[in-house]
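Please look over the sequence and the model below. A short tour of selected parts follows.

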Amino acid sequence: MIKIAPSILSADFARLGEEVEDVRAAGAEYLHFDVMDGLFVPNISFGVPVLGSLRKSSDMFMDVHLMIDRPVRYVETFCDAGADLVNVHIESDTAENISRALELIRGKGKRCGVTLKPGTSAEAVLPWLPMADLVLVMTVEPGFGGQSFMYDQLDKIRQIRRYIGELNPACELEVDGGISAETAPLAIEAGANVLVAGSAVFGKTNRAAAIAALRGEI
Ligand code: DX5
Ligand code: ZN
């Protein structure tokens, strides 16, 4: 089953609670949080207080994408604030600290994900694949919503789907960046089962139709 994860980066922050309720009612499975620190990526978004507030008002599955330097420092705080799954970029710290971050997330009883920037090879995920609940493949350079899908990432998605089949079949494969009704079928065909979408959901007035279009239902 394909899961849709609207990214609140493209939502109207002045009406955030209503925006979240709207995509929940429209059938989205996950809610995607793009946390940026202005260091790991050249942009600053939002952090723990926003997650904590939405956790109090929504029972959606909260998928947190940390685009921050040395995430091991903060993963437990995001778990305590209500994350259901926390993704860390494998480029954001030493291998030892990435492993430690995943252990800390698991220690909080939450799911853990590892994320790859476009320039990172499929093989780079292998040390963490056995313990990951999800692999997130970026199909744009992280930092901003509304960018164009990078078609050269499709081979990497296929390769990681093969690794998942061999090493950890329960692991989910999520894609993030430039997902639209045109690019979603390509990502799904390559093996993705969770689609992050910012502008393709929050940029549309009819969110149920937007989500159905990403699933290929209309
Ligand atoms: C980029 C973020 C994405 C982004 C997706 O750094 O990780 O989640 O918000 O936005 P769209 O779907 O508009 O490309
Ligand atoms: Zn994201």
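## Strand 6 and its neighbours

Strand 6 is covered on both faces: L134, L136 and M138 on one side and V135 and V137 on the other are all buried. This is a predicted model. Strand 6 spans residues 134–138, and 5 of its 5 residues are buried.

Which strands pair with strand 6? One is strand 5, residues 111–116, which pairs with strand 6 in the parallel sense over 4 bridges. Within the pairing of these strands, L116 stands opposite V137 of strand 6. Another is strand 7, residues 172–176, which runs parallel to strand 6 and is joined to it by 5 bridges. Here L134 stands opposite E172 of strand 7. The chain gets from strand 6 to strand 7 by way of helix 5, residues 154–167, and this β-α-β crossover is right-handed.

## Strand 8

Strand 8 covers residues 194–197, and both of its faces are covered too. V194 and V196 are buried on one side, and L195 and A197 are buried on the other.

Strand 8 runs parallel to strand 1, with 4 bridges between them. A5 has V196 of strand 8 as its bridge partner. Strand 7 also runs parallel to strand 8, and 3 bridges join the two. In this pair, E174 is matched with V194 of strand 8. Between strand 7 and strand 8 the chain passes through helix 6, residues 184–190, in a β-α-β crossover that is right-handed.

## The zinc site

Which residues hold the zinc ion (ligand 2) as protein donors? They are H32 through NE2, D34 through OD, H65 through ND1 and D176 through OD. These donors lie 2.0 to 2.3 Å from the zinc ion. The site has 6 donor atoms, with angles of 64 to 165° among them, and is irregular. Along the sequence, the donor residues follow the spacing H-x1-D-x30-H-x110-D.

H32 sits in strand 2, residues 30–36, and H65 sits in strand 3, residues 61–67, so this pair ties together parts that are 33 residues apart in sequence.

Are these two histidines, H32 and H65, buried or exposed? H32 has 0% relative accessibility, so H32 counts as buried. H65 also has 0% relative accessibility and therefore counts as buried. The cut-off for buried is under 20%.

## Around ligand 1

There are 20 residues around ligand 1. Those that come nearest are D34, G143, D176, G198 and S199. D34 is also a protein donor of the zinc ion, and so is D176.

Three distances to an oxygen atom of ligand 1 are set out here.

| Residue | Atom of the residue | Distance to an oxygen atom of ligand 1 |
|---|---|---|
| S7 | polar side-chain atom | 3.2 Å |
| D34 | N or O atom in the side chain | 2.6 Å |
| G198 | polar backbone atom | 2.8 Å |

## Three loop residues

Next come some residues in loops.

Q153 is found in the loop between strand 6 and helix 5. Is Q153 buried or exposed? Its relative accessibility is 4%, so Q153 counts as buried. The side chain of Q153 has two contacts to note. A polar atom of this side chain lies 3.2 Å from the backbone oxygen of P118. The side chains of Q153 and K156 are joined by a polar contact of 2.8 Å.

T120 belongs to the loop between strand 5 and strand 6. With 15% relative accessibility, T120 counts as buried because the cut-off is under 20%. The side chain of T120 makes a polar contact of 2.6 Å with the side chain of E91.

A11 lies in the loop between strand 1, residues 3–6, and helix 1, residues 16–25. A11 has 12% relative accessibility and so counts as buried. How far apart are the C-alpha atoms of A11 and V201? They are separated by 8.8 Å, while the two residues are 190 residues apart along the chain.

Terms used. Residues are numbered from 1 along each chain as its sequence is written. Chains are lettered from A and ligands numbered from 1 in the order in which they are written. This is a predicted model: local features need pLDDT of at least 70, side-chain atom pairs count only at pLDDT 80 or more; totals for chains, interfaces and linings use all residues. Side-chain values use heavy atoms; hydrogens and water are left out. Donors are N, O and S atoms within 2.8 Å of the metal (3.2 Å for Na, K and Ca); water is not among the atoms, so sites may look incomplete. Four donors count as tetrahedral if all angles lie between 85 and 135 degrees; four count as square planar and six as octahedral if opposite donors are over 155 degrees apart and all others between 65 and 115; anything else is irregular. Buried means under 20% relative accessible area, exposed over 50%, partly exposed in between (1.4 Å probe, protein chains only). Two strands pair if DSSP finds at least two bridges between them. A crossover is right-handed if, with the strands pointing away from the viewer, the path from the first strand over the helix to the second runs clockwise. A residue is near a molecule or strand if one of its heavy atoms lies within 4 Å of it. A polar contact is a pair of N or O atoms within 3.5 Å; within protein, one must be able to donate a hydrogen and the other to accept it, and residues adjacent in sequence count only if both atoms are side-chain atoms.
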